[in-house]
Amino acid sequence: DLVRNHGNFVDSIIRVSIEDSDRDTRIQATETLATMISEVSCSSNNGSDMIRVQLMRGIVQNIAENRDKKCAEITCKTLSQEFSKMESGGHRVNISDFPRLLQALEEVTLDNSHSYDVKHCAAKILHNLATFDENIEIMVCKSVMDTLAAIASLSGPNTEKAPEYAIQTIIRLSQVEQNRRQMAEHENLLTALVNFTVAAPEGSLKDEAKRTILLLVPIL
(Lines give C-alpha, C1' and ligand atoms only; values in the text may rest on other atoms or scores of the structure.)
Protein backbone atom coordinates (compact mmCIF):
# COMPACT_ATOMS: atom_id res chain seq x y z
CA ASP A 1 0.00 0.00 0.00
CA LEU A 2 2.85 2.39 0.75
CA VAL A 3 4.28 1.88 -2.74
CA ARG A 4 0.90 2.28 -4.42
CA ASN A 5 -0.18 5.37 -2.53
CA HIS A 6 3.08 7.29 -2.37
CA GLY A 7 4.76 7.71 -5.76
CA ASN A 8 7.05 10.34 -4.28
CA PHE A 9 8.36 7.75 -1.83
CA VAL A 10 9.33 5.51 -4.75
CA ASP A 11 11.13 8.41 -6.44
CA SER A 12 13.00 9.15 -3.21
CA ILE A 13 14.22 5.56 -2.89
CA ILE A 14 15.37 5.62 -6.51
CA ARG A 15 17.35 8.82 -5.91
CA VAL A 16 18.94 7.47 -2.73
CA SER A 17 19.92 4.24 -4.50
CA ILE A 18 21.89 6.26 -7.04
CA GLU A 19 22.97 9.51 -5.43
CA ASP A 20 23.64 8.87 -1.74
CA SER A 21 27.30 9.38 -0.84
CA ASP A 22 27.35 6.31 1.43
CA ARG A 23 27.84 3.02 -0.45
CA ASP A 24 26.01 0.88 2.10
CA THR A 25 23.02 3.20 1.92
CA ARG A 26 22.96 2.99 -1.87
CA ILE A 27 23.06 -0.81 -1.68
CA GLN A 28 20.28 -0.93 0.92
CA ALA A 29 18.11 1.40 -1.16
CA THR A 30 18.74 -0.74 -4.25
CA GLU A 31 17.75 -3.85 -2.30
CA THR A 32 14.61 -2.03 -1.17
CA LEU A 33 13.69 -1.31 -4.78
CA ALA A 34 14.16 -4.97 -5.63
CA THR A 35 11.93 -6.02 -2.73
CA MET A 36 9.26 -3.50 -3.72
CA ILE A 37 9.17 -4.83 -7.28
CA SER A 38 8.85 -8.40 -6.05
CA GLU A 39 5.93 -7.46 -3.80
CA VAL A 40 4.14 -5.41 -6.45
CA SER A 41 4.57 -8.12 -9.08
CA CYS A 42 2.69 -10.52 -6.79
CA SER A 43 -0.20 -8.08 -6.39
CA SER A 44 -3.36 -8.14 -8.49
CA ASN A 45 -4.67 -4.81 -7.22
CA ASN A 46 -5.59 -2.01 -9.61
CA GLY A 47 -2.61 0.18 -10.36
CA SER A 48 0.00 -2.44 -9.52
CA ASP A 49 1.17 -2.70 -13.15
CA MET A 50 1.77 1.06 -13.31
CA ILE A 51 3.77 1.01 -10.08
CA ARG A 52 5.69 -2.02 -11.30
CA VAL A 53 6.78 -0.17 -14.45
CA GLN A 54 7.75 2.88 -12.35
CA LEU A 55 9.91 0.70 -10.12
CA MET A 56 11.44 -1.10 -13.09
CA ARG A 57 12.31 2.23 -14.70
CA GLY A 58 14.00 3.11 -11.43
CA ILE A 59 16.00 -0.11 -11.65
CA VAL A 60 17.02 0.74 -15.23
CA GLN A 61 18.04 4.23 -14.08
CA ASN A 62 20.11 2.60 -11.34
CA ILE A 63 21.87 0.35 -13.87
CA ALA A 64 22.60 3.37 -16.05
CA GLU A 65 23.86 5.73 -13.34
CA ASN A 66 25.05 3.68 -10.37
CA ARG A 67 28.53 2.29 -11.04
CA ASP A 68 28.66 0.16 -7.90
CA LYS A 69 29.31 -3.51 -8.69
CA LYS A 70 27.04 -4.86 -5.94
CA CYS A 71 24.19 -2.62 -7.03
CA ALA A 72 24.64 -3.79 -10.62
CA GLU A 73 24.30 -7.41 -9.50
CA ILE A 74 21.07 -6.60 -7.64
CA THR A 75 19.51 -4.50 -10.40
CA CYS A 76 20.38 -6.77 -13.32
CA LYS A 77 19.15 -9.85 -11.45
CA THR A 78 15.93 -8.09 -10.46
CA LEU A 79 15.20 -6.86 -13.97
CA SER A 80 15.92 -10.26 -15.46
CA GLN A 81 13.53 -11.94 -13.02
CA GLU A 82 10.78 -9.37 -13.57
CA PHE A 83 10.94 -9.55 -17.36
CA SER A 84 10.71 -13.34 -17.12
CA LYS A 85 7.69 -13.06 -14.81
CA MET A 86 6.00 -10.60 -17.15
CA GLU A 87 6.54 -12.85 -20.15
CA SER A 88 5.31 -15.98 -18.37
CA GLY A 89 2.29 -14.04 -17.09
CA GLY A 90 1.28 -13.00 -20.58
CA HIS A 91 2.49 -9.39 -20.27
CA ARG A 92 4.41 -8.00 -23.22
CA VAL A 93 7.73 -6.34 -22.49
CA ASN A 94 8.29 -3.34 -24.74
CA ILE A 95 11.70 -1.70 -24.93
CA SER A 96 10.06 1.67 -25.54
CA ASP A 97 8.97 1.61 -21.88
CA PHE A 98 12.63 1.55 -20.82
CA PRO A 99 14.50 3.93 -23.17
CA ARG A 100 17.86 3.78 -21.31
CA LEU A 101 17.98 0.02 -20.97
CA LEU A 102 19.95 -1.07 -24.03
CA GLN A 103 22.76 1.44 -23.51
CA ALA A 104 22.92 0.59 -19.80
CA LEU A 105 23.24 -3.13 -20.53
CA GLU A 106 26.06 -2.44 -22.98
CA GLU A 107 27.95 -0.40 -20.39
CA VAL A 108 27.77 -3.02 -17.64
CA THR A 109 28.60 -5.82 -20.08
CA LEU A 110 31.68 -4.16 -21.55
CA ASP A 111 32.95 -3.11 -18.13
CA ASN A 112 35.29 -5.96 -17.22
CA SER A 113 35.10 -5.09 -13.54
CA HIS A 114 31.53 -6.41 -13.37
CA SER A 115 30.90 -10.03 -12.44
CA TYR A 116 29.86 -12.87 -14.71
CA ASP A 117 26.46 -12.85 -12.98
CA VAL A 118 25.81 -9.32 -14.25
CA LYS A 119 26.64 -10.34 -17.82
CA HIS A 120 24.55 -13.49 -17.47
CA CYS A 121 21.54 -11.41 -16.39
CA ALA A 122 22.13 -8.94 -19.23
CA ALA A 123 22.09 -11.86 -21.68
CA LYS A 124 18.82 -13.15 -20.20
CA ILE A 125 17.23 -9.70 -20.43
CA LEU A 126 18.11 -9.33 -24.13
CA HIS A 127 16.97 -12.89 -24.79
CA ASN A 128 13.62 -12.09 -23.16
CA LEU A 129 13.19 -8.83 -25.07
CA ALA A 130 13.86 -10.57 -28.39
CA THR A 131 10.88 -12.87 -27.92
CA PHE A 132 8.56 -9.94 -28.73
CA ASP A 133 8.29 -8.91 -32.38
CA GLU A 134 7.86 -5.23 -31.56
CA ASN A 135 11.35 -5.14 -30.03
CA ILE A 136 13.26 -6.74 -32.89
CA GLU A 137 13.86 -3.67 -35.04
CA ILE A 138 15.09 -1.44 -32.21
CA MET A 139 17.38 -4.21 -30.93
CA VAL A 140 19.36 -4.33 -34.16
CA CYS A 141 21.61 -1.44 -33.17
CA LYS A 142 25.28 -1.09 -32.35
CA SER A 143 24.87 -1.15 -28.57
CA VAL A 144 22.95 -4.44 -28.61
CA MET A 145 25.28 -5.98 -31.20
CA ASP A 146 28.29 -4.99 -29.08
CA THR A 147 26.66 -6.49 -25.98
CA LEU A 148 25.69 -9.75 -27.66
CA ALA A 149 29.09 -10.19 -29.30
CA ALA A 150 30.87 -9.62 -25.99
CA ILE A 151 28.66 -12.05 -24.07
CA ALA A 152 28.79 -14.67 -26.82
CA SER A 153 32.59 -14.53 -26.58
CA LEU A 154 32.75 -15.22 -22.85
CA SER A 155 34.72 -18.32 -21.96
CA GLY A 156 35.91 -20.15 -18.88
CA PRO A 157 34.53 -22.54 -16.29
CA ASN A 158 30.78 -22.29 -15.64
CA THR A 159 30.28 -19.45 -18.13
CA GLU A 160 28.58 -21.36 -20.93
CA LYS A 161 24.97 -20.32 -20.20
CA ALA A 162 25.35 -16.58 -20.89
CA PRO A 163 26.93 -17.15 -24.34
CA GLU A 164 24.09 -19.54 -25.17
CA TYR A 165 21.50 -16.85 -24.36
CA ALA A 166 23.44 -14.39 -26.51
CA ILE A 167 23.70 -16.79 -29.45
CA GLN A 168 19.98 -17.60 -29.23
CA THR A 169 19.22 -13.87 -29.32
CA ILE A 170 21.48 -13.33 -32.34
CA ILE A 171 19.71 -16.19 -34.12
CA ARG A 172 16.32 -14.68 -33.31
CA LEU A 173 17.30 -11.23 -34.60
CA SER A 174 18.73 -12.71 -37.81
CA GLN A 175 15.40 -14.29 -38.72
CA VAL A 176 14.20 -10.88 -39.88
CA GLU A 177 15.74 -10.38 -43.32
CA GLN A 178 16.14 -6.62 -43.12
CA ASN A 179 18.29 -7.01 -40.01
CA ARG A 180 20.92 -9.18 -41.62
CA ARG A 181 23.10 -6.58 -43.33
CA GLN A 182 23.69 -4.58 -40.17
CA MET A 183 24.39 -7.78 -38.27
CA ALA A 184 26.78 -9.12 -40.91
CA GLU A 185 28.68 -5.84 -41.04
CA HIS A 186 29.18 -5.62 -37.28
CA GLU A 187 32.89 -6.02 -36.59
CA ASN A 188 32.59 -8.73 -33.91
CA LEU A 189 29.23 -10.45 -34.28
CA LEU A 190 30.13 -12.93 -37.01
CA THR A 191 33.42 -13.71 -35.31
CA ALA A 192 31.57 -14.50 -32.10
CA LEU A 193 29.19 -16.80 -33.98
CA VAL A 194 32.02 -18.63 -35.71
CA ASN A 195 34.01 -19.05 -32.51
CA PHE A 196 30.91 -20.39 -30.77
CA THR A 197 30.33 -23.02 -33.43
CA VAL A 198 33.97 -24.12 -33.20
CA ALA A 199 33.89 -24.54 -29.43
CA ALA A 200 30.29 -25.62 -28.78
CA PRO A 201 29.33 -29.28 -28.40
CA GLU A 202 27.21 -30.87 -31.09
CA GLY A 203 23.55 -29.99 -30.74
CA SER A 204 20.65 -27.96 -32.05
CA LEU A 205 22.03 -24.60 -30.93
CA LYS A 206 25.33 -25.20 -32.73
CA ASP A 207 23.41 -26.20 -35.87
CA GLU A 208 21.25 -23.07 -35.70
CA ALA A 209 24.35 -20.92 -35.23
CA LYS A 210 25.88 -22.47 -38.34
CA ARG A 211 22.72 -21.74 -40.34
CA THR A 212 22.80 -18.15 -39.11
CA ILE A 213 26.38 -17.77 -40.30
CA LEU A 214 25.30 -19.03 -43.73
CA LEU A 215 22.56 -16.38 -43.76
CA LEU A 216 24.94 -13.55 -42.89
CA VAL A 217 28.17 -14.34 -44.76
CA PRO A 218 26.76 -13.93 -48.33
CA ILE A 219 25.79 -10.34 -47.49
CA LEU A 220 29.42 -9.29 -46.98
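A pocket, in the sense used here, is an open set of grid points with protein on both sides within 12 Å along at least five of seven lines, and its lining residues are those with an atom within 4 Å of a point. In this predicted model, the largest pocket is lined by 20 residues, and those lying nearest its centre are L154, P163, F196, A199 and A200. Three elements each give two or more residues to that lining, namely α10 (161–174), α12 (189–199) and α13 (204–216). Among the contributors, α12 gives the most, with 4 residues. The volume of the largest pocket comes to about 360 Å³, and its lining, sorted by class, holds 9 nonpolar, 7 polar and 4 charged residues.

From the pocket one can turn to the nonpolar interior. In soluble globular proteins, nonpolar side chains tend to be buried together. The largest nonpolar core of this model has 66 residues, of which L79, F83, L101, L129, L148, I167 and L173 touch the most other members. One of these, I167, offers a convenient point from which to look around: once its neighbours within four places in sequence are set aside, I167 is in contact with A152, A192, L193, F196, L205 and A209. F196 thus appears twice in this account, as a contact of I167 and as one of the residues lying nearest the centre of the largest pocket.

Another of the core residues, L101, leads to helix α6, which spans residues 101–110 and is mostly covered, with 7 of its 10 residues buried. The buried residues of α6 are L101, L102, A104, L105, E106, V108 and T109, a list that takes in E106 and T109 alongside L101. What do these buried residues pack against? Their partners are found in α4 (48–65), α5 (69–88), α7 (116–129), α8 (133–139) and α9 (142–152).

The charged side chains add a further set of links, and a search of the whole structure finds 12 salt bridges. In one of them the side chains of D97 and R57 meet, at 4.0 Å from N to O. Because D97 lies in the loop between α5 and α6 while R57 belongs to helix α4, this pair ties together parts that are 40 residues apart in sequence. D97 counts as partly exposed at 29% relative accessibility, and R57 is also partly exposed, with a relative accessible area of 44%.

A second salt bridge joins the side chains of E65 and R100, at 2.5 Å from N to O. Here E65 lies in helix α4 and R100 in the loop between α5 and α6, so the pair ties together parts that are 35 residues apart in sequence. E65, at 33% relative accessibility, counts as partly exposed, and R100 does so at 38%.

The salt bridge between K142 and D146, whose closest N and O atoms are 2.7 Å apart, lies within a single helix: the two residues are 4 apart in α9 and are therefore separated by about one helical turn. Which of the two partners is buried, and which exposed? K142, at 54% relative accessibility, counts as exposed, whereas D146, at 11%, counts as buried, since the limits are over 50% for exposed and under 20% for buried. Finally, R52, E82 and K85 are linked in a network of salt bridges.

Conventions. Residues are numbered from 1 along each chain as its sequence is written. This is a predicted model: local features need pLDDT of at least 70, side-chain atom pairs count only at pLDDT 80 or more; totals for chains, interfaces and linings use all residues. Side-chain values use heavy atoms; hydrogens and water are left out. On a 1 Å grid over the protein atoms alone, a cavity is a set of points where a 1.4 Å probe fits but cannot get out, and a pocket is an open set with protein on both sides within 12 Å along at least five of seven lines; lining residues have an atom within 4 Å of a point. Grid points are joined across faces, edges and corners, and a volume is the space filled by probe spheres set on the points. Ala, Val, Leu, Ile, Met, Phe, Trp, Tyr, Cys and Pro count as nonpolar, Asp, Glu, Lys and Arg as charged, and the others, Gly among them, as polar. A nonpolar core is a set of buried Ala, Val, Leu, Ile, Met, Phe, Trp, Tyr and Cys residues joined through side-chain atoms within 4.5 Å. Buried means under 20% relative accessible area, exposed over 50%, partly exposed in between (1.4 Å probe, protein chains only). Contact means heavy atoms within 4.5 Å.
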